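User: I'm new to this one and would like to go through it step by step. Could you pull it up so that we can talk it over?

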Amino acid sequence: MPDILSPCAPIAAEPCRVGGLSLAPAPLEEMVSISSFSNSLPALREAVLHALGASLPPAPGTATRQQGVSILWIGPNQWLACAPQGSGLMEKLQVACGAHAALTDQTDGRVTLTLSGPYAHAIAAKLVPIDLHPRCFGLSSVALTQAGHIPVILMQRDRQPAYDFIVFRSLARSLHHDILAAMRGGIPESEQN
């Protein structure tokens, strides 16, 4: 009988600290991408609100959070729903809105790295080509962008600020290295390793 494969952590679970900054993998969550079928958006919005108690963000670049569930806008009529492990997110969404949207389980395909602490915005700004000033990118803001050469979904988690970098699992180790290099002073130091 073949061995059952289960995903292992792509990076160490312990936070990396430099000064007052911290870079750590976020607790594992269930993640499901939601893509609305044509002419199903009103029914989909109602079904998600009923099933999860959280609404689909109506505008680009935003996220909603309710009762442990986060829903991030990731494109026109597309969202990423995140919930604590064991919440049965995919099952809830299949029952409530399987007729209104394409659903894809992203749980083992993505990793979230959280950068927090004083000046986290300065470190994130070294890596992403977007304006992170609070007037442009504040609490619950979301962007599909690049961190260096790596595609990420970036969300500001809290006002401290803390940023969540949601990345494909296969690129998590590289992103972790790049953020850590920026925390340590940038590229010249990273090339010494």
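User: How many salt bridges does the structure hold?
Analyst: The structure holds one salt bridge, a term that stands for a side-chain nitrogen of Lys or Arg within 4 Å of a carboxyl oxygen of Asp or Glu. This is a predicted model, in which local features need pLDDT of at least 70 and side-chain atom pairs count only at pLDDT 80 or more, while totals for chains, interfaces and linings use all residues. Residues are numbered from 1 along each chain as its sequence is written, and side-chain values use heavy atoms, with hydrogens and water left out.

User: Which side chains meet in that salt bridge?
Analyst: Those of Arg 157 and Asp 164, with 2.5 Å from N to O.

User: And is Asp 164 buried or exposed?
Analyst: Asp 164 counts as buried because its relative accessibility is 2%, whereas Arg 157, at 28%, counts as partly exposed. Here buried means under 20% relative accessible area, exposed means over 50%, and partly exposed lies in between, using a 1.4 Å probe and protein chains only.

User: OK, now the sheet. What order do the strands come in?
Analyst: Six strands form an open sheet in the order β1-β2-β8-β11-β10-β9, and their pairing is antiparallel. β1 (16-18) and β9 (142-147) stand at the edges with a single partner strand each, so one side of each has no neighbour in the sheet. From one strand to the next, the twist averages 25°. As for the terms, two strands pair if DSSP finds at least two bridges between them, and the elements themselves are DSSP runs numbered from the N terminus, with helices being H or I of at least four residues and strands being E of at least two.

User: What holds paired strands together in general?
Analyst: Strands of a sheet pair through backbone hydrogen bonds, either parallel or antiparallel.

User: How many bridges are there between β2 and β8?
Analyst: Strand β2 (residues 21-25) and strand β8 (residues 110-116) pair over four bridges in the antiparallel sense, and Leu 23 has Leu 115 of β8 as its bridge partner.

User: What about the other end, how are β9 and β10 joined?
Analyst: β9 and β10 form a hairpin with two residues between them, and Gly 148 in the turn has a positive phi of about 70°. The two strands run antiparallel and are joined by six bridges, with Ala 143 standing opposite Leu 154 in β10.

User: And what comes between β10 and β11?
Analyst: A hairpin joins β10 to β11 through three residues, and five bridges link these antiparallel strands, with Gln 156 opposite Tyr 163 in β11. Pro 161 is found in the loop between them, and a cis peptide bond with omega of about -5° joins Gln 160 and Pro 161.

User: Where else is there an unusual backbone angle?
Analyst: As background, most residues other than glycine have a negative phi, and most peptide bonds are trans. Tyr 119, although not a glycine, has a positive phi of about 70°; Tyr 119 is placed in the loop between β8 and α3 and counts as exposed because its relative accessibility is 61%. Ser 140, also not a glycine, has a positive phi of about 70°; Ser 140 is found in the loop between α3 and β9 and counts as buried, at 18% relative accessibility.

User: Switching to helices, which strands does α4 lie across?
Analyst: Helix α4 (residues 172-183) lies across β1, β2, β8, β9, β10 (150-158) and β11 (162-168), running at about 10° to β8. The axes are lines fitted to C-alpha atoms, for helices over the stretch in contact, and angles run from 0 to 180 degrees between N-to-C directions.

User: What angle do α3 and α4 pack at?
Analyst: Helix α3 (residues 120-127) and α4 pack at about 125°, with their axes 9 Å apart. The contact, which means heavy atoms within 4.5 Å, is made by Ile 123, Lys 126 and Leu 127 of α3 and by Asp 178, Ile 179, Ala 182 and Met 183 of α4.

User: And how do α1 and α2 cross?
Analyst: The axes of helix α1 (residues 41-52) and helix α2 (residues 89-97) come within 9 Å and cross at roughly 135°. Residues in that contact include Leu 44 and Ala 47 of α1 and Leu 93 and Ala 96 of α2.
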